[in-house]
Each structure stands twice: as structure tokens, then as C-alpha cells.
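Q: Please take a close look at one strand of the structure below and place that strand in its wider setting.

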Amino acid sequence: MSEAIEFLPPRPEVLSRRAAIVADLADLLPAECVIHEARELVPFETDAFISYRRLPLAVVLPKTTAQVAAVMKYCYRYGIPVVPRGAGTSLSGGAIPQEDAIVLGLSKMSRILEVDYANRTATVQAGVTNLSISEAVGVDGFFYAPDPSSQLACTIGGNIGMNSGGAHCLKYGVTTNNLLGVKMVLVDGTVVDLGGKHLDSAGYDLLGLVCGSEGQLGIVAEATVRLIAKPEGARPVLFGFETSEEAGACVTDIIGSGIIPVAIEFMDKPAIEICEAFAHAGYPLDVGALLIVEVEGSEAEMDATLAGIVEIARRHGVKTVRESQSATEAALIWKGRKSAFGATGRIADYICMDGTVPLGKLSYVLKKTSEITDSFGLRVANVFHAGDGNMHPLILFNANDPEDAARAEAAGNEILKLCVDAGGCLTGEHGVGIEKRDLMRHQYSDADLAQQMAVRSAFDEGWILNPSKVFPLDGRPAA
Amino acid sequence: MQTSFTPEQLADPHVAESEKILRRCVHCGFCTATCPTYVTLGNELDSPRGRIYLIKDMLENGRAADEEVVTHIDRCLSCLACVTTCPSGVDYMHLVDHARIHIEKTYRRPLMDRLIRDLLAAVLPYPARFRTAVVLAKLGRPFAPLLKRVSALKPLGAMLDLAPASIARPSDAATPGRPVPQAESRGRVAILSGCAQPVLDPGINEATLRLLSRFGVEVVVPEGEGCCGALVHHMGREEPALDFARRNVDVWIREIDNGGLDAIIVTASGCGTTIKDYGHMLRLDPAYAEKAAKVSALARDITEYLSTLDLPKLEPKGLNVAYHSACSMQHGQKITLAPKNLLKAAGFTVRDPAEGHLCCGSAGTYNILQPEISAQLKARKVRNIEATKADVIATGNIGCITQIATGTAIPILHTVELLDWAYGGPEPQKLSAR
């Protein structure tokens, strides 16, 4: 297990009251909603950032907003840290607990409460999975746009915590652009409604503040999201290039020409091989880099957009252009892309980076990334949202070799610093979590961080909500 | 993910295999979304990822199974939806098999649980005993509500509920050892007679024999075969399961040596998944490894085999069929299109129920051992099927047929019964009785 990133030391006054806390939680919630046996806590010790693990003190799985509020009121009263958890798919360790923390899991709160087509909204409990919203409204011609690759499993609550993105965010924006309201439980158990079914609210935009706050300002229990009418048609097209540099330059030119496709996804050769072996999507194996460009609209609209893109791709020496011929083929193309991270597990352990860079720097950063991993003696596979410059280098390593794991982590840090130095940022959609916490000073000045922490303190003075995350452990306000 | 086993632990071939499986898992969590028990209970401990973690912790620490771990492993349906979903190729099936063996060896179950499992293992795999039990169950049915009031006796109540109200006469044609009328042969296959299916619904294999004979395939029902072993295998009873497997391997190898076989036809997809795994189950037995692999390679679901025969395309019948894909069919054997394509070619209109990847809750003896979760899954499955407004349900597994039939008035048939009817066989009784 990696040790480079520290967690806060557990609060002794909480650890010593463990038995009493478990008994009190059992009074607050039904029996099947409280987990405290040692064996049963182990599966909650980590999320998808699996190189770090900490056992929690207990896990609660409330079924209602009122139960969430009761748990928060109790934890606030006794200063017990709380780590919210959706489906535990975080790639930055956002849901990893700590020894003195209660994991507050929203997995039993998975109902869609209301669908309102007239206002184009869906109101859901926080534990609803991202994809199930689109599935519920799909028959009526609607969908929920942000589509993280983990959308099958990840929850809307987690998406709000991390302001998640996805392939189709190039056109439709990330979570914050598709979120209209939340019902949130504050640290002391008070329940507040922020936003609603309207596009703007009077007063401060607290909803904007909450989205991306990584569970540190409150627990989102319910959310109202924007629904979008499905386009008449959608067509993913594969563009194969000799080199990553050509593909990167092509992306820059497509966006620079004013064309905004729904998605431009990038895969380098290692990523193409991994994804093709899993999905059999027909990705070309004789190219050095692949772009999946999706266009949508009427047939004429798709043809026209595509013609413009093909012309630009030709200028960048595109080797192959292949349009999907059927819905099945289109689905396979996306299945391969969306399973890329997990499919990588077939060949090696990996950590997934999430830096975002200005589009003009894409080729430069790709080249530098290879240089960095080479210098550490590691392999890298790149598969990412090229259209908005959100890079996901997957650094391959052997988790059973501690030195290899340490090298992978060090290489990851160098890559993220590279993204910041190129004018980008540490995270495009996965959040800071613990993974990028200690790099926050590379991104922000002390004054910037102090402002963010002041906001956090305004919501949670005692810093009990997801306390080890986001902000470097030193330099925090005294509790 | 990272594992920590000692070289001594890895000397055990079961542990070595599980370690390899665990190393594949990247803990991405995709599997949770399609797991019927996670979707129903909303607790990660009742999801594949949670179970994988529980198993990993138990095996790494060389610990005996305990109540907590057993509770969550027992709740697993072995539907293998997670295996279909997993992008990393985690072989959950063999991991949970190992966990069940480990539980059986190291954990002492409460008395009633033990007795019920012993009873199931002693009766279900044996057609004669099972037939008697079904007759007795009919007499015992009035006591079911009473039994269900006592927690430890709930499985007995569930068992009585599942017993058919009437019992069919054993089939003459599909009985092991009976010679089957020869047609001009375009292939020679053996058909698994099995254990529970011929008691509960002998019509399935009768329809299969008629259909195959009609298309010129010689079918043998070799004497001496029986239960595939899945029943006890899923209880973690390794040795009895392997004994069932060895017996069947012997029978089919004998048949291969005397006349050859193009395929071993299985009409219950649950059994098919297990027989296709014989090669793996017996890999450590030098006397059987090779023979078992040969048998597994010949095993075919009936719809897989029929797909190779190029059956003629028939005129539309105007009958809407909801196709329920058994978990052992779609996840265990990865057969998804063949049954539907056959039904369509035979003139049926095929409808796909929503949430088709979710288990109906039958899962071998699961509906007896875990009646509450099973009932919730059944209700969900029936809701989705009935929403298709189909005239009839088709599926490829006797377990699903028994389970779903207790929840809906829409008749449910084996796919092969509809195909036999379409290609000249008698109308299935369940349809003519409508």
C-alpha cells in the first residue's frame, strides 16, 4: 500500500468512544443501515483509487434524507468525521475513509423522485446512478448529458461532489452546467434547498459553490438535474493518425475552426489495443493514435459537420476515416471507450491522471508525458477527452511491487505539474480527493487556498466533512 | 489490485488461482451497477466488488469463514452479471466457487441451515427421490404459510411454494437408455437428461428429441448420466460435485468412443454453464482433466446447436414472445442472440423485457435458501416481462420457468418447445390450455 499521501491522525476522543457511537447510530437507523463488524468494514476502506486504504469507524447507509440529517446532527454534536460515499468509483480517493470517520453511503437512496418534462427536469435521490436517469427518460426522448465513463455505476451525488464531466461534455458542459438544484444536509443536520427548477436563483449562487465541493460543505441528499432532448441522430466516427502529435494538432484545429462536435475522444496506440481487445469495436490497430469524433443532429447536419472535420483531418494526414454503420457498432465504439480504464486492468495495474491543458498545448503535453514515464521506466496509455483538453494518462505499474508503485505515483505527480505549468489545471473532472491534495500549492497561491478554506470553514467550522481531502494538511486554519 | 499471499499459501492451487483473479480487479465498481442483490439491497457488501473484497481479506489472512462473510456470499446468486459487466475480465465465477468451497470446509452453519442444505443435496439431484419429494410437497403445501413465519424454516415454506401443483408422467422417449428412432443422420448428439428437469417438465426434452429427429439428427440418451453437479457445486460441496462430473464424463466419453458425438446437447442453461466448466473443475485430476476438457468442448446449449442447422425461415405467426434470457445463458455461457434469432426465424415476434440482465431470483436453490431477496427479484422480473404485453414467455432454463411461472399468468415455455411447435410438433399444452 502506498504511504506517500498522509491522512489526518484520527481523533482520539472519537476512537475511544467507538462502542458508544455504534450503539447510538443503531438507535438512529434501522439495523440493516448500520455496518460496524470488523470484517464488514474492510470493503469500505477504499474506492477506485485503490492504492490508498483506511478502515472507517463505521458505515451508515441511510434510506431517507431525514436519516441523513439525523446522522449529521449526531456526528456534528460529537465532532465525528464523516466521509460521504456514492458508488465508491472515485479515481482520486474522494470516498476513502479514515479510522475515526463514519462512512455515509447513499447507495440505498437510489429512487428517481420526479420527472418533469414541461420543465425539463428530473429530481432524484443522490444515490441514483448517472446512467439510470438517462435510461428512465430515454423512452420519452430525453437524456441527462454529463456522462462520466463510470456512468453505469457512479452516482449523481458523487458527480456533484466532483463536478464530473464525460465524453459528451464538450458540447453540453459538465455537471455544474446541468444541475439546477439540490436538497443538502448541512453539517449540523439542517436541511436546505439550493436552486430549484429554474436556471438562476436570487442571491448568491451557492449551488455553483456546492458543485465540486467534494463533500466538504454538506451532504447532497437529492438533486434536480436538467434533461435534454435527444438529437435526431448521432454518429461516432473513427479517425486514425500515424502519430499522437498529428491527432492532437487536428483536435486543436477542429475546435479552433468553430466546429463543436458532441465529443472528441483520443486514444493512443496502447489504449487502442487495450480497448479493442475488450470491446471488439473495430478500432483500427494499424494507427498510432485514434480520435472518436461524434456528431449529432439531422442527417444533413451530421454530414455537413463531418465534411468540415474530415477536411481538417486530411490536412493533418489522417490515415483512416470510418463512420459507424449501425446503432450496434456505435454502441460498441462507446463501450470500448467507456471501459478503457477497467479494460486496462487486463494487462496491468494503473493510476489514472486527470490534468486539463489548453488545447494548443495538447501535442506538447502528450510528448512530455511519454518522456516523463520513460524516465521512470514505466509504460503509459493515453485515453481522454481531447475536445476539452482533459487528459487521462494511465500509468501502468505492478501493484505488488512497492517500488514500482512509488515510481508510478511520482511520475503521476510530474505529469500533473506539467499540466499546470502548461497553463492547465490539476483536475478536469475527477476532483482533488487525496490524490492531488498535496499538489494544490503548485496550482494555487497561499492567498487563493486561504480563500477556499475560509469558504469551507463557513460551512463546516470543525472540518469534520471529508477532512483529509482537497487541502494540504499543513497550513489549514487551526480547528 | 494489490494482493498479499505468502508462497506457502500460493502452493495451494485454489489459492493460486484466486490470487490471479484478484490481481485482475481494479476496484472500479462497474460490477455493482448490474448486480441484482446490490440493486435490491443497496449495500456494497452485497455486491460483487464487496464480496471480492471480503473473499480477498478472508483468503489473505488464511481465516476460516465467519458469519458475516457467509451471509454476503450466500446472498450471491452466481448469476454472473458482474462477469459480463467487468471490463477487466475478473473471473468472479471461479473466485466465488473457491469461496464457497472454503466456507463449506471451514464454517459450521446453524443446525436448520445445515439440515435444509443436506436435504436439498440428498434429494434434488436424484430424479426418483425428487419425484417422491414433489408428491409429498403437494401434501405439505397447506403448511407453507406456517413454516414461513419461523425464520429458520422459511426455506421449507419456499420449497413447498415452488413444488408444482400437478406432476407430469415421466417421459418414455427422453429416458436414459431408451433407443431413439433413427432418422437419416446429419449428426449424432447426446442429450443431457439431468435431474430436476425431467421431473418438473419432461416435455422440454421430448420437444428437443422430436425437433432434432425431424431435422435428421441422431440423438442418444446414454444410460448412467445424471445431475451435472451444479446443485452441490454451488453449495461449495466440491467432492460430490466432482463425482457427479466424473460420472457424466465417463458416460459421454464412452459414447464418444462408441460412435462419436458431434455435441452434447443441454436444454437447461444452468447445467450447460457447469458442464462447460467440467474441464476447469477437473483440471487438477490427472485421470480426468483431459476427458473433462473434451466433454466441455462438446457441450452446447440446444439453441447453439440448432443455430448450426440452418432451420428454414417461417411465416410470421402473430404471436408475441417475451424472451427471458437466463443468467446462465447470457452471463454464464454468453449466448445472447441465438435463441432470439431462432424464434424470429420460426415466425415469432420477439420482445426484450427491460432490465434483461437482472436475475429472476431462481438461481438453483437460491429461491429456497434466500426466499426474501428471491421474491423481490421475481416481482421485478415479472413486472418487466408483463410490461412487454407478450402472449408467451420463452426461456432456456427450467429454474427460471418454475420461478417465473409462480409470479405471472402468462404461460412460460422453453424456447425449444416453441420451436418444435413451429416446425411441425404438437402445440405445447400450456398454450392450448389458454
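A: The account below starts from a single strand of chain B and then widens to its chain, its domains and the other chain.

The model is predicted, so local features are given only at pLDDT of at least 70 and side-chain atom pairs only at pLDDT 80 or more, while totals for chains, interfaces and linings use all residues. Residues are numbered from 1 along each chain as its sequence is written, and chains are lettered from A and ligands numbered from 1 in the order in which they are written.

The part chosen is strand β3 of chain B, residues 263-266. Helices (H or I, at least four residues) and strands (E, at least two) are DSSP runs, numbered from the N terminus. In a regular strand the side chains alternate between the two faces of the sheet. In β3(B) both faces are covered: Ala263(B) and Ile265(B) are buried on one side, and Ile264(B) and Val266(B) are buried on the other. A residue is buried if 20 or more other C-beta atoms, placed from the backbone, lie within 10 Å of its own, exposed if 12 or fewer, and partly exposed in between.

Strands of a sheet pair through backbone hydrogen bonds, either parallel or antiparallel; here two strands pair if DSSP finds at least two bridges between them. Strand β1(B), residues 187-191, pairs with β3(B) in the parallel sense over three bridges, and Ile191(B) has Ile265(B) as its bridge partner. Strand β4(B), residues 299-301, is also parallel to β3(B), with three bridges. Within β4(B), Arg300(B) stands opposite Ile265(B).

The domain assignment, which is automatic or taken from a database, divides chain B into domain 1 (7-106), domain 2 (111-162), domain 3 (187-306) and domain 4 (311-432). The C-alpha centres of domain 1 and domain 3 of chain B are 27 Å apart. Seven residues of domain 1 of chain B are in contact with seven residues of domain 3 of chain B, contact being C-beta atoms, placed from the backbone, within 7 Å. On the side of domain 1 of chain B that touches domain 3 of chain B, helix α8(B), residues 92-106, gives the most, with five residues. By class, that side has three nonpolar, two polar and two charged residues. Ala, Val, Leu, Ile, Met, Phe, Trp, Tyr, Cys and Pro count as nonpolar, Asp, Glu, Lys and Arg as charged, and the others, Gly among them, as polar.

Chain B as a whole contains 27 helices and eight strands. Of its 434 residues, 53% are buried. Its radius of gyration is 21 Å, which agrees with the value near 22 Å for a compact globule of 434 residues; the radius is taken over C-alpha atoms, and the globule rule is 2.2 Å times the number of residues to the power 0.38. Along the principal axes, the C-alpha atoms of chain B fill a box of roughly 60 × 50 × 40 Å. Among contacts in chain B with a separation of 6 or more, 74% join residues 24 or more positions apart.

The contact between the chains takes 30 residues from chain A and 27 residues from chain B. On the side of chain A that touches chain B, α3(A) (38-41) and α13(A) (340-344) are the elements that give two or more residues. The largest share, three residues, comes from α13(A). The residues of this side of chain A comprise 14 nonpolar, eleven polar and five charged.

Terms used: Contact = placed C-beta atoms within 7 Å.
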